[in-house]
Amino acid sequence: MDRGAMQSTIGTNPINVLILDDDPVFSALAEAVLLDAGCGRVVSAEPSEAGARFCLSEEPEPDLIILDLNMPEFDGLAAMRLLADVEFKGAIVIVSGEKPAVLQASTTLASLHGLRLAGVLTKPLRSQELEAILAGLPNPATGAKSATAGGFGGGLEKMRGLVPAYQPKVRLADKRIYGAEALMRVLMDDGRIAPPLDYLNSLTELGDLGEATLSFLGTILADMQLWDEAKTPRPVSVNIPAPLLEEGRYMERFVEDVRASKVMPSQITIEMTEAALPKDMSKLVEVMTRLRMAGFGLAIDDYGTGMANYDILRLCPFTELKIDRSVVQAATHDSLACGFIGNCVSIARELSMTVVAEGVETAEQAEAMRRLGVEVIQGYFFSRPLDAAQYRAILQGSA
């Protein structure tokens, strides 16, 4: 397997990547970007089931698989079925030049297979897009890596706690800060900041997940009270794991914590990921309705990647609709994506919801969102996620 010989090792515990693509030019460029980013073993498999199985059987097991949908003998859909069969626990990146309808179906299939989707790439490869996906994974240069290949940064005992990173959301009409999303990060004992995927995956008990989330929300409340003292705007949204929303008692405790603080419930928006919607909606609708009655905002996140439809938007009293980055980034070159976003804007207006476009990384994407009627954008075009002090500083500068 001559193409399977492409590999290199950097650092002590880097991310290992498997590329499943029949385009040698794409594979070579992706390999160069991955190695420049500090990844360790980068392998390109023959585009066949036998080639994929061979690479999956080798040690170390890949932490990330870059997967092309369009391969003549063994396409990405068949590869996802194989990954589900072998219970692959790492992350995947889908490579697709297909229309948004096909892309949405493939991302939904990944979710149905229980696979962790880290992002979507289009051809020709743009290095900054792959780098952005890598930035959301455990840092290979520091050794914080996927739990499937040796544990989280050498062990969970090295974790100090969960901390928020605030990514601003900006109104397109006046370029002023609308608010921020509090993204969950892990603070290690040595001061490093790492993504939370491995930590959250390690919390198999609902109680452990609930207590960790409540602690994280408490940190957000403390930050918001400091911003309030500085007379700066402070609306914040935060994504809550679906099991906690369905279970309910942890949200009741959070409401009590908010009432005991100086933070108004209207300054907090609870986000729920579309792909995590449960089949039995009754408990979820009850909890979400209670949160809305208490004054909190409610957002449906990653809209366009799961199974949600107009009826689901009507079930819960959502105040915000967040369009997934894959759809947003396709809107600069795909009319179907533009039509989907236009429909989202129309539905949101009908339901008195604010539309937020996620993953806006270029001026062209921002202009496309403005043209389609989107009110608020979030993404690297305006700002990367910031710590509390950095976010407070830009709030004061924009006030």
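**View 1. Helix α1 spans the length its residue count predicts.** In this predicted model, α1 covers residues 24-36 (helices are DSSP runs of H or I with at least four residues, strands runs of E with at least two, numbered from the N terminus). Its 13 residues, at 1.5 Å a residue, should span 18 Å, and the end C-alpha atoms are indeed 18 Å apart. That expected span is 1.5 Å times one less than the number of residues.

**View 2. The buried residues of α1 lie on the same side of the helix.** Phe26, Ser27, Ala30, Glu31, Val33 and Leu34 are buried (under 20% relative accessible area; exposed is over 50%, partly exposed in between, with a 1.4 Å probe and protein chains only). They cover an arc of only 165° around the axis, which places them on one side of α1; the arc is taken from the directions from the helix axis to the C-beta atoms. An α-helix has 3.6 residues a turn, so residues three or four places apart point the same way.

**View 3. What lies on either side of α1?** Covering its buried residues, by contact (heavy atoms within 4.5 Å), are elements including β1 (17-20), β2 (42-44), β3 (64-68), β4 (91-95) and α5 (127-135). The face turned away from the buried side carries the exposed residues Pro24, Val25 and Asp36.

**View 4. Here are the two ends of α1.** Aspartate 23 caps the N-terminal end, with a side-chain oxygen 3.0 Å from the backbone nitrogen of valine 25. Just after α1, glycine 38 adopts a positive phi of about 100°.

**Notes.** Residues are numbered from 1 along each chain as its sequence is written, and side-chain values use heavy atoms, leaving out hydrogens and water. Local features need pLDDT of at least 70 and side-chain atom pairs count only at pLDDT 80 or more, while totals for chains, interfaces and linings use all residues.

Definitions and conventions:
Polar contact = N/O pair within 3.5 Å; in protein donor to acceptor, adjacent residues only side chain to side chain.
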